[in-house]
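I opened this notebook to look up the overall build of one chain and the enclosed space in the model.

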Amino acid sequence: MSAQPETPRGSLDDFRRETRQWLEANCPPDMRLPVVDESDVCWGGRHVKFKNEAQRVWLQRMAERGWTVPEWPKAYGGGGLGKEEAKVLREEMAALNCRAPLTSFGISMLGPALLKYGNEAQKREHIPKIVRGEIRWCQGYSEPGAGSDLASLKTRADDQGDHFLINGSKIWTSYGDKADWIFCLVRTNFEGKKHDGISFLLFDMASSGISTRPIRLISGYSPFTQTFFDNVKVPKENLLGELNKGWTIAKYLLTHERNMIGGMGLGLRIGGKGTLGQLAAGELGLAGGRLADPVLRADIAKFELDANAFALTMERVQAEAKAGNETGAMSSMLKYYGTELNKRRAELMMSIAGTEGLKFGDGGAEELAPVWLRTKANSIEGGTSEVQLNIIAKHVLKLPGA
Amino acid sequence: MSLVLNEDQLMFRDAAKRFAAERAPIAELRRLRDSNDATGFDRAVWKEMAEMGWAGVLVPEEHGGVGFGHVGAGLIAQEIGRNLSATPFVSTAVLGVTALLKGGSDAQKQALLPKMAAGEVVLALASDERSRHSPYNVATRAVGSAGKYKLSGAKVHVLDGHVADRLIVSARTSGDVDGRDGMTLFLVDPKAAGVSIRRVSIVDSRNAATVELRDVAVTSDDVIGAVDKGAAILDAVLDAGRAVLAAELLGLSEEAFERTLGYLRERDQFGVKIGTFQGLQHRAAHLFCEIELVRSTVLRALQSLDAQEKHASSLICLAKGKASDVARLATNEAVQMHGGIGMTDEFDIGFFMKRACAAGETFGDAYFHTDRFAQLSGY
């Protein structure tokens, strides 16, 4: 059941009109151009370097209204919008091609967990800074010895009375070298079941004893670091939720992460332009109304069927959730299927591009190969495809002993 | 339109679920098969189904139906799929009704729709001539003038053809053999001189027939829609049939999958339940995802027919293509995971694989609809 009251239709129309007027007046023209590369995405943070004045102004204006996170409560700086209003805002932003003013793991991952598990002081301290893009967060989950088997993590937090002392190492920390704070899974109990000795800590990356090392990937990019903790002191009040109950929060947050990864770039395209088939038709030409390369065409068409069926399933799961039906079991399905589709699409794009797609290393924004390589991580990060299938087998299909 | 069922639809589905499981279960299909039943379904049960609103699900109330739309028809078909119920639902309640609603004259509608909705009259679509679905490939000719025609040609895979009270025949009144233009639909009395119908025994134990026409006399009163303009009606008829068959394929995939899960949970080998093996778990989990995708495409396709959307045909290709493909996977996995017992006739699971194959081929399989989807998308 949604706690938000239904917004009457008439006032929703007013809201739409006012929103459009405000966006037209306040969204700088440069912020209505398509995002070309990473520098066009604003991540905020203490050391933020705005690409231009427009990016800074756009963030500031949107943050003032809480519209960087339209549905978060007003009490912590959020927009306080209902679901219907938030949808109107998204639609109006899309209509004017407005860019997202702020992208961050604080918004997409930590925020929902803070709102659900944080105490009042933690919410007042951290959420407004996420809303305004003042603090950039990173995630400390995986370790060199704890990948798919995340719960076997060994980074330890020893109780020193008024603080924890952190020792260990995290890996695959997205933008670990750019983040201000980290939300981090640590072991606070080495006895008993591995899931029951994990706690969820928040701490400042500027703390003494933290160092990071960038990891160069097959795509040529280095978005991740390995992060080292050497006697890092973390105040006790930075524990989120209860001691040794961090796994519950970790799972809650992973569900959000999966939905984010699974849903990447796969909108419904029936009747629309820019499908893979149309792209291929432009590159390879048609013969008798059909794509000139019939075997490639068959794979493209099969992909398009699956991609559209998947987009409809995302839509259906959202509709089910809105109707108050149980959909928790679906996040693993969406993550598994969505990421596998994304990889298939990248493979097909490489085939369509032929040798042109092999260009690599000149740093051009149009290069396809790095994008293709990047997709390979989709089915690894946030729980591998195989882990998602395990989860479905165990929790959805109730198969024995999984 | 939201991709969830409303209260009325949920109630309708629950009633259909109870009825199909009770009155038309797999045991009944087995009985019809083993007794070489001459009709191929139970006429008394079809009357009961008509009373439940099944035969008239697409028929407007003014013609004696319940007008519950394509989503409603899909809910029935899903239960038919789960129970492998032998009925003339597709031939009569979907194909026949759609042809009359899209092209029928007032006289045709008044004469036939109430009786069809009451379960008293069975219609059969005699359209395909090739063994691979190719609806515009029509060599059957209608020759004549001044409102009188003679039909000659041969049709294959005519569902319920041998028990139909009326046939709907596609014939060429002009144009090339493989052209979309120049086709006309005729209502034909199967007892008329020159009509010969031969029942064909097919793998799913359901009804199919070949129909031969030799100088069969018809008049302009028997034309459905306009002369030479039959293709548009035929497209609508086939699309309705495809969408409903996709729902049936969904139902049978769900049922075969649930039975397989049950078997994985109870069958012991090597001292453990076979459902503990990751090799089987991952295949089952993948199949779960595929069936979820089919569920979305089927509902959306049926909704697009009810709303008469511009892109309904693309959505139907998506649903029928995907449902045919996934039903094949679901039933093949079902037989494989059941092992030896899955190969026995005594065990029911093989019936699902047979029906998946037959319903998959009917009105275009995954290859047909993938190709058609691409063509509709401009490549």
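My entries below go from chain A to the cavities.

Entry 1, ground rules. I am working with a predicted model, in which local features need pLDDT of at least 70 and side-chain atom pairs count only at pLDDT 80 or more, while totals for chains, interfaces and linings use all residues. I number residues from 1 along each chain as its sequence is written, letter chains from A in the order in which they are written, and use heavy atoms for side-chain values, with hydrogens and water left out.

Entry 2, chain A. I looked up its extent and found that the C-alpha atoms fill a box of roughly 75 × 50 × 45 Å along the principal axes. Of the 402 residues of chain A, 50% count as buried, that is, under 20% relative accessible area with a 1.4 Å probe and protein chains only.

Entry 3, cavities. I took a cavity as a set of points on a 1 Å grid over the protein atoms alone where a 1.4 Å probe fits but cannot get out, with lining residues having an atom within 4 Å of a point; volume is the space filled by probe spheres set on the points, which are joined across faces, edges and corners. I found 5 cavities of 30 Å³ or more.

Entry 4, the largest cavity. It holds about 170 Å³ of space, and among its 16 lining residues Thr87(B), Leu159(B), Arg206(B), Asn207(B) and Arg355(B) lie nearest the centre.

Entry 5, the second largest cavity. Its volume is about 80 Å³, and of the 13 residues that line it, Ala24(B), Glu28(B), Asp42(B), Val45(B) and Ala86(B) are the closest to its centre.

Methods
1 Å grid on protein atoms, 1.4 Å probe; cavity = no way out; pocket = protein on both sides within 12 Å on 5 of 7 lines; lining within 4 Å.
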